[in-house]
Amino acid sequence: MADDYDDEIDLSSLPDDELVEQMHDDLYDGLRDEIIEGTEILLERGWEATKVLDEALVEGMRIVGIDFRDGILFVPEVLMSANAMKGGMAILRPLLAETGAEPIGKVIIGTVKGDIHDIGKNLVAMMLEGAGFEVINLGIDNPVENYLNAIEEHQPDIVGMSALLTTTMPYMKVVIDTMVEKGIRDDYIVLVGGAPLNEEFGKAIGADAYCRDAAVAVETAQTLIAERHAA
Ligand code: B1M
């Protein structure tokens, strides 16, 4: 998608729709500085942080995902796209997390063992923070012990798990089964998410809910916390 003229494009001179398209190209090409600049320009033009996130960044990464799947892009290139995406997300994070209110609940969230995908999980963490949750982000490649230690240390209301690979999603059940064995499963709300999961899988492994995306994760967390408080 890149061409020799990319360096010469003045992003600020582009109208919104062309700038967003250019950002999709820049994300594809892993151009972090350009993604940061584009994100800042859209914010200066009055775009909401969530709109920049959805239309410029997440949509760009969706396109990357298609060509990764089809063998047009490879791991090193996708890593650069991910790095560029994170540059934009870092600018949006404080805006999405802006809330003066008391935390409405505490969440620990991490990507499960064997899996290093973290963009979606970080997005979920950001959106939960923005909705007033205190979030402890455990990062990637978490064995069951990390969840258990974090549960003990932080006493969260919600345990969140992310998996992006069909080979790592079964590990979520290992974590839930271990919680059952230790007699602590019902003390916490367990939410799971990630592209290869679905509702049926969430039910089958004993999670409280599967969350399709970050917005659903926030809604679900709010609803289930409210239900617990009411009970
Ligand atoms: Co990977 N990868 N990857 N990858 N990668 C996928 C997932 C894949 C679908 C690509 C493809 O083939 N089309 C495919 C998985 C196939 C499968 O198992 N079915 C795949 C593969 C195969 C691999 C490797 C095995 C490739 C290889 O080495 N040959 C390897 C595995 C490494 C490992 O984990 N052990 C690998 C590596 C990588 C990179 C390191 C290069 C990079 C990750 C960089 C990073 O995250 N820091 C990468 C990327 C970027 C992708 C794609 C292109 C994009 C993922 C992403 O960030 N999406 C992805 C293709 C795709 O998903 N279309 C792909 C954007 C993000 C906003 O969406 O993560 O879905 P998502 O998160 C959403 C929801 O799912 C949900 O909310 C989020 C926000 O709305 N959600 C949750 C996610 N987690 C949640 C947790 C919750 C709630 C909701 O808790 C409560």
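**Surroundings of N122, the cobalt site and helix α1**

In the predicted model, N122 touches M89 and N137 when residues up to four places away in sequence are not counted. A further interaction links the side chain of N122 to the side chain of K121, with which a polar contact is made at 2.8 Å. N122 is placed in helix α5, and, because its relative accessibility is 18%, which lies under the 20% cut-off, the residue counts as buried. With respect to D186, which is 64 residues away along the chain, the C-alpha atom of N122 is separated by 25 Å.

The loop that lies between β1 (105-112) and α5 (119-130) contains H117. Through its NE2 atom, H117 is the only protein donor of the cobalt atom of the ligand, at 2.2 Å.

Helix α1 comprises 13 residues (residues 16-28), for which a span of 18 Å is expected at 1.5 Å a residue; the end C-alpha atoms are 18 Å apart, so the expected and computed values agree. The buried residues of this helix are L19, V20, Q22, M23, H24, D26, L27 and Y28. An α-helix has 3.6 residues a turn, so residues three or four places apart point the same way. The packing partners of the buried residues of α1 are α2 (32-44), α3 (49-69) and α4 (75-97). Just after α1, a positive phi of about 70 degrees is adopted by G30.

Note on methods
Residues numbered from 1 in each chain as written. Predicted model: local features only at pLDDT ≥ 70, side-chain atom pairs only at ≥ 80, totals over all residues. Heavy atoms only, no water. Donors = N, O, S within 2.8 Å, 3.2 Å for Na, K, Ca; no water. Helix = DSSP H or I, 4+ residues; strand = E, 2+ residues; numbered from the N terminus. Buried < 20%, exposed > 50% of the residue type's maximum accessible area, 1.4 Å probe, protein only. Contact = heavy atoms within 4.5 Å. Polar contact = N/O pair within 3.5 Å; in protein donor to acceptor, adjacent residues only side chain to side chain. Expected span 1.5 Å × (residues − 1).
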